[in-house]
Amino acid sequence: MRDQSLFDKIDLHLIRVLHTVLTERSVSKAAIRLGMHQPAVSASLKRLRDFAGDPLLVRSGSGMVPTETALRMLEPSASILRAAEMLFSDARGFEPDAARNTFRLAASDYLDPLFLPRLVAQIKEQAPFAEIEIHPLSGASDYRTQLAQGDIDVVIGNWPQPPDDLHLGRLFGDEVVCLVSNKHPAVRRGWDQTQWLEAEHIAPGATHPGAKGVIDEHLSGLGLQRHIVARCPHFSLIPGMVASTLLVLTTGRQYCERFVDTLPVTIMPCPVQFPRMMYYQLWHARTHTSASNKWLRERIKSVAAELRKE
């Protein structure tokens with residue numbers, strides 16, 4: 001009877017607070033994400049601690065970390081929230097013009113700079129009441145766990161070998177080229193493989209823990225290494241840095257072409273032969289049959305096709 005009595009006291013809102021507090025590891029950040037006042041989140045956390053007989057979050061240095069008990073609650077709480085979200089929306093069919101879903105995407109800014117703006121515009125045009133959260137892909141993000149726990153719905157990016165434990169949809173392939181300033185000596189004289197390797201390169205930060213990046217992964221397989229002198233976690237800022245220096249950016253042609261008319265930069269062929277860069281969307285089995293998530297994945301595919309035609 002005690003278990004039934006405890007179950008009767010737990011509602012979906014408390015589960016949502018639990019999951020948000022544990023993923024944010026901060027009451028104040030959880031309050032912002034939930035749109036609640038901090039004292040209300042603290043009060044809910046107190047109730048959850050009483051129910052669990054565990055502190056759930058404990059202080060560690062200047063931050064907070066989940067206890068072992070709390071970590072075991074993460075995946076079940078995410079599963080409950082995802083099931084609740086799908087329970088009625090999928091039962092009655094997904095109707096974009098009336099939907100109030102929150103779509104959560106994780107994407108790198110390696111993408112065509114028009115990709116996310118076009119995607120957001122298309123989602124808001126067809127599903128005006130939906131909300132959109134775009135999360136960065138960084139060295140600190142664990143997108144597999146985020147997908148499994150329902151923190152994000154889809155990951156968009158490029159990988160030399162995409163993971164085989166997730167569903168995958170190919171979006172487009174792109175030729176690897178170099179972007180340099182119009183004043184770069186290679187624009188006048190050209191370059192060979194040795195000159196390219198010895199040039200000063202700028203590279204992005206890793207998109208997930210342990211990632212080398214498609215360019216350096218391929219070079220490593222050839223026994224080659226380029227001379228990287230600058231790294232920037234904000235890929236969208238790199239073309240501006242290239243324009244005012246002798247740095248070399250090596251990436252997809254579609255991305256580079258967006259800047260040749262607005263910055264003093266030139267696209268050059270790369271003297272090292274690379275396979276085409278492939279871009280994908282990845283999603284977890286838990287959302288594979290969800291009507292709303294199918295609709296989201298179709299929007300992503302549609303925008304990719306539209307930009308490919310251009």
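Here is a short chat about a predicted model.

Colleague: Is P39 buried or exposed?

Modeller: P39 sits in helix α4, which covers residues 38-52. Exposed means over 50% relative accessible area. P39 comes out at 61%, so it counts as exposed.

Colleague: Which helix gives the most to the largest nonpolar core?

Modeller: That core holds 56 residues, and F115, L119, I156, W196 and I300 touch the most other members. As a rule, nonpolar side chains in soluble globular proteins tend to be buried together. The top contributor, with 6 residues, spans 291-309 and is helix α13.

Colleague: And how many residues are in the other core?

Modeller: That one lies apart from the largest core. Its members include V17, V27, A30 and A31. The count is 18 residues.

Colleague: Which are the edge strands of the open sheet?

Modeller: The sheet has 5 strands with mixed pairing, in the order β4-β3-β5-β12-β6. An edge strand pairs on one side only. That description fits β4 (131-136) and β6 (167-174).

Colleague: In what sense do β6 and β12 pair?

Modeller: Strands of a sheet can pair either parallel or antiparallel, through backbone hydrogen bonds. Here β12 takes in residues 277-283 and shares 7 bridges with β6. One bridge links G173 with M278 of β12. The sense of the β6 and β12 pairing is antiparallel.

Colleague: What angle does the direction of helix α6 make with that of β4?

Modeller: Helix α6, residues 115-126, packs on the sheet. It touches β3, β4, β5 and β6. Its direction and that of β4 make an angle of about 160 degrees.

How values were computed. Residues are numbered from 1 along each chain as its sequence is written. This is a predicted model: local features need pLDDT of at least 70, side-chain atom pairs count only at pLDDT 80 or more; totals for chains, interfaces and linings use all residues. Side-chain values use heavy atoms; hydrogens and water are left out. Helices (H or I, at least four residues) and strands (E, at least two) are DSSP runs, numbered from the N terminus. Buried means under 20% relative accessible area, exposed over 50%, partly exposed in between (1.4 Å probe, protein chains only). A nonpolar core is a set of buried Ala, Val, Leu, Ile, Met, Phe, Trp, Tyr and Cys residues joined through side-chain atoms within 4.5 Å. Two strands pair if DSSP finds at least two bridges between them. Contact means heavy atoms within 4.5 Å. Axes are lines fitted to C-alpha atoms, for helices over the stretch in contact, and angles run from 0 to 180 degrees between N-to-C directions.
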